[in-house]
Amino acid sequence: MAGRPIVTYGDPVLREVSKPVEEITTEVKDLLADLKAALQKANGLGLSAVQLGVLLRIFIVDLSVVDITAEQKVFINPEIMETAGSSEFEEGCLSFPGIFQRLTRPERVKVKALDENGNEFVMEAEGVAARAILHENDHLEGVLFIDHFSALGRALADRKLKRLTKSV
Ligand code: NI
């Protein structure tokens, strides 16, 4: 199945909790190909399977938008092992076109996951990479970046959010 569209805010699937991947099947490989294509097309930093409407614990992060040496990285069944520090930075989400807000998140993260061949790896990341991993990992729990907004930030984004919900 090629060219699955990115679902946007208002679609209830974004609030669902994703299930672990049991096996790297052909369907999972097809999904990974669709995730990579969709992320590249959207020029984003990260995308989770739920954003293509598939409730599996998979996301990809691609920092090549901000670092030309970076490569797309696949995370299957990720587990956040440690976080440290704190940083504030502007953040967006491909399921919330046009909405950006400064959010505080940990500065560093240590994450364990499987790669696209099912091999386990542990990765330490900081800055934008850590932020992208934590943002995408939230999606697997049905948590969205607007949940981290302050009351004021939420009020400021409210009109745009209503417009997004109506467009679904
Ligand atoms: Ni997102």
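This briefing covers confidence, the nickel site, helix α2, salt bridges and a few local features.

The model is predicted: local features need pLDDT of at least 70, side-chain atom pairs count only at pLDDT 80 or more, and totals for chains, interfaces and linings use all residues. Residues are numbered from 1 along each chain as its sequence is written, and side-chain values use heavy atoms, with hydrogens and water left out. The mean pLDDT of the protein chain is 93. (pLDDT is the predictor's confidence in each residue, from 0 to 100.)

**Confidence by element**

- In the protein chain, 98% of residues reach a pLDDT of 70 or more.
- Among the elements, strand β3 (residues 73–84) has the highest mean pLDDT, 98, and helix α3 (residues 151–166) the lowest, 89.
- Helices (H or I, at least four residues) and strands (E, at least two) are DSSP runs, numbered from the N terminus.

**Nickel site**

- The nickel ion has three protein donors listed by atom: Cys93 (SG), His135 (NE2) and His139 (NE2), at 2.0 to 2.2 Å.
- Donors are N, O and S atoms within 2.8 Å of the metal (3.2 Å for Na, K and Ca); water is not among the atoms, so sites may look incomplete.
- The donor residues follow the spacing C-x41-H-x3-H in sequence.
- Cys93 sits in the loop between β4 (87–91) and β5 (101–105), and His135 in helix α2, so this pair ties together parts 42 residues apart in sequence.
- Cys93 counts as buried because its relative accessibility is 9%.
- His135 is buried too, at 5% relative accessible area.
- Buried means under 20% relative accessible area, exposed over 50%, and partly exposed in between (1.4 Å probe, protein chains only).

**Helix α2**

- Helix α2 covers residues 127–140.
- Twelve of its 14 residues are buried, so the rest of the structure largely encloses α2.
- Among the buried residues are Ala129, Ile133, Leu134 and the donors' histidines, His135 and His139.
- The end C-alpha atoms of α2 are 21 Å apart, which agrees with the 20 Å expected at 1.5 Å a residue. That expected span is 1.5 Å times one less than the number of residues.
- Just after α2, Gly142 has a positive phi of about 75°.

**Salt bridges**

- The structure holds ten salt bridges. Each is a side-chain nitrogen of Lys or Arg within 4 Å of a carboxyl oxygen of Asp or Glu.
- Asp147 pairs with Arg15, with their closest N and O atoms 2.8 Å apart. Asp147 is in the loop between α2 and α3 and Arg15 in the segment before α1, so the pair ties together parts 132 residues apart in sequence.
- Arg57 and Glu141 meet at 2.4 Å, N to O. Arg57 is buried at 13% relative accessible area, whereas Glu141 is partly exposed at 39%.
- Lys162 and Asp158 meet at 2.7 Å, N to O. Both lie in helix α3, four residues apart, about one turn of the helix.
- Glu91, Arg105, Arg131 and Asp138 are linked in a network of salt bridges.

**Other local features**

- Asn43 is not a glycine, yet has a positive phi of about 60°. Asn43 lies in the loop between α1 (26–42) and β1 (46–48) and is exposed at 57% relative accessible area.
- Asn77 also is not a glycine and has a positive phi of about 50°. Asn77 is found in strand β3.
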